[in-house]
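Subject: Structure handover

Hello,

Here is the structure we talked about. Please open it first, then read the notes below.

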Amino acid sequence: MDLRDFSNLQLDAMREVGNIGAGNAATALSVMLSRTVDMAVPKAELVSIYELSEYYGDPLTEVAAVFVRSDGDFSCSLIFFQAEEDAQALVDLMLMQQMGMGPEGVPDEMRDSVLTEVGNIILSSFLNAVNVLIGGAHSISVPGVAHDMMGSVLQVVASIFGQSGEHALIVDTTLAVGDLDRNVSGKIVLLPDPGSLEILFGKLQVL
Amino acid sequence: MRTVRVGIAESGVVVNPDSVTTLGLGSCVGVTLYDERKKIGGMVHVMLPSTELAKGGDFNKSKFADSGVPDLVDQMVRFGADRRRLVAKMAGGAQMFSVGGSGESILKIGSRNVEACRKALVGLGIPIVAEDTGGTWGRTVVLFAESGILEIRAIGRAKNQI
């Protein structure tokens, strides 16, 4: 379907999908950290693929991003990304909570592996909730991780949507870890395959 | 001295002493053309390999390798460049994420972009004198019309001039 033909009802439905997915992801992160995790109200927006790389701010900002592909009734890509400092703070929290380790002496490969796994659990939790909602089956890829310029990371999104049109449908929400001296947050971005939206809307009865 | 910024799926041509830049190339490819005698440089920020992916006849030429590269040549000529003197450099075409399995094909768009740009340049008889492509990292690039040097910056890597 052409993304420009979206109705408000359908965008609302996408927002609700984001809400349910992110709620489950926030719970998973909260359990892993034994801390409160706040979740912002999800947004669902159509964004020009040409504006994507600056959609979240300066494209040169260094971010850490975890990417997964999901194939099934509702095929999509998902990205969890954070400012690099936030990602490293999250890794510190996770090492301390799960293994009682301080940040000193932990090799970079291990830190990266922790980050990838946290991202993987957040995104898998998101997808599980969405698939329960629509009664669908899905398989999820192994997670890919990148530490790079935000613009380069978001270009992946632009090129996925660029193959079918000029707009990307972005459903995003922010998770923020509570009770800390510094703000540690990350964004979950859901990128439905254009072809999978009709199936999703059919199941949600907003086609 | 001015720096013209080219966005995703855009192009630009500059004359000495100006430069043209694009930020954060990931899977996209920055193709540059240069006429050394006239000191005219151009850049196109290609997003996808082929116009076969375009919907309808009215599309953004700079989005695709097979339309964006010839279009940049035409723009260079309009600025006074001689098409026989043009040489090309390119950068980008990275694979930012690797996930294995069926998801891998959509993430390999970078190498397909590089291949398509190369094919378009060969088809036009324009020599590719240098490139910094592939890998898994993003690149910010600047082409200086004064020298034809293409400067590539990436996080955690030494600055590269080609």
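How are H1(A) and H5(A) oriented relative to each other? Keep in mind that this is a predicted model. Helix H1 of chain A covers residues 8-33, and helix H5 of chain A covers residues 197-204. Their axes are 11 Å apart, and the packing angle is about 90 degrees. H1(A) and H5(A) are therefore roughly perpendicular to each other, since angles of 65 to 115 degrees count as such.

Now look at who touches whom. H1(A) brings A:Gln10, A:Ala13, A:Met14 and A:Val17 to the contact. H5(A) answers with A:Leu197, A:Leu200, A:Phe201 and A:Leu204. Sorted by class, this contact of H1(A) with H5(A) holds 7 nonpolar residues, 1 polar residue and no charged ones.

A second helix pair

Next, take helix H2 (residues 84-99) and helix H3 (residues 108-134), both of chain A. Their axes come within 9 Å and cross at roughly 90 degrees. That makes H2(A) roughly perpendicular to H3(A). On the H2(A) side, the contact residues are A:Ala87, A:Gln88, A:Leu90, A:Val91, A:Asp92, A:Met94, A:Leu95 and A:Met99. On the H3(A) side, they are A:Met110, A:Arg111, A:Val114, A:Leu115 and A:Val118. The class count for H2(A) with H3(A) is 10 nonpolar, 1 polar and 2 charged residues.

Empty space

Rolling a probe the size of a water molecule over the atoms shows where empty space is left. How many cavities of 30 Å³ or more does a search of the whole structure find? The search gives 1. The largest cavity holds about 30 Å³ of space. Chain A lines this cavity with A:Val156. Chain B lines it with B:Ser27, B:Ala94, B:Gln95, B:Met96, B:Phe97, B:Leu107 and B:Ile109. By class, the cavity lining has 6 nonpolar residues, 2 polar residues and no charged ones.

Then there is the second largest pocket, with a volume of about 150 Å³. Both chains appear in its lining. From chain A come A:Asp112, A:Val145, A:Ala146, A:His147 and A:Asp148. From chain B come B:Thr136, B:Trp137, B:Ile155 and B:Arg157. Which element gives the most to the lining of this pocket? Strand S6 of chain A (residues 144-149) does, with 4 residues. The pocket lining counts 4 nonpolar, 2 polar and 3 charged residues.

Salt bridges

The count over all chains comes to 17 salt bridges. One of them joins B:Arg2 and B:Asp18, whose closest N and O atoms are 3.3 Å apart. This pair links distant parts of the chain, 16 residues apart. B:Arg2 sits in the segment before strand S1 (3-5) of chain B. B:Asp18 is in the loop between strand S2 (11-15) and strand S3 (19-25) of chain B.

Backbone details

Stay in that loop for a moment. B:Pro17 has its place between S2 and S3 of chain B too. The peptide bond from B:Asn16 to B:Pro17 is cis, with omega near 10 degrees.

Finally, go back to chain A and find A:Ser34. This residue lies in the loop between H1 and strand S1 (37-39) of chain A. A:Ser34 is not a glycine, yet its phi is positive, at about 50 degrees.

Best wishes

Key: Residues are numbered from 1 along each chain as its sequence is written. Chains are lettered from A and ligands numbered from 1 in the order in which they are written. This is a predicted model: local features need pLDDT of at least 70, side-chain atom pairs count only at pLDDT 80 or more; totals for chains, interfaces and linings use all residues. Side-chain values use heavy atoms; hydrogens and water are left out. On a 1 Å grid over the protein atoms alone, a cavity is a set of points where a 1.4 Å probe fits but cannot get out, and a pocket is an open set with protein on both sides within 12 Å along at least five of seven lines; lining residues have an atom within 4 Å of a point. Grid points are joined across faces, edges and corners, and a volume is the space filled by probe spheres set on the points. Helices (H or I, at least four residues) and strands (E, at least two) are DSSP runs, numbered from the N terminus. Ala, Val, Leu, Ile, Met, Phe, Trp, Tyr, Cys and Pro count as nonpolar, Asp, Glu, Lys and Arg as charged, and the others, Gly among them, as polar. Axes are lines fitted to C-alpha atoms, for helices over the stretch in contact, and angles run from 0 to 180 degrees between N-to-C directions. Angles under 35 degrees count as roughly parallel, over 145 as roughly antiparallel, 65 to 115 as roughly perpendicular and the rest as oblique. Contact means heavy atoms within 4.5 Å. A salt bridge is a side-chain nitrogen of Lys or Arg within 4 Å of a carboxyl oxygen of Asp or Glu.
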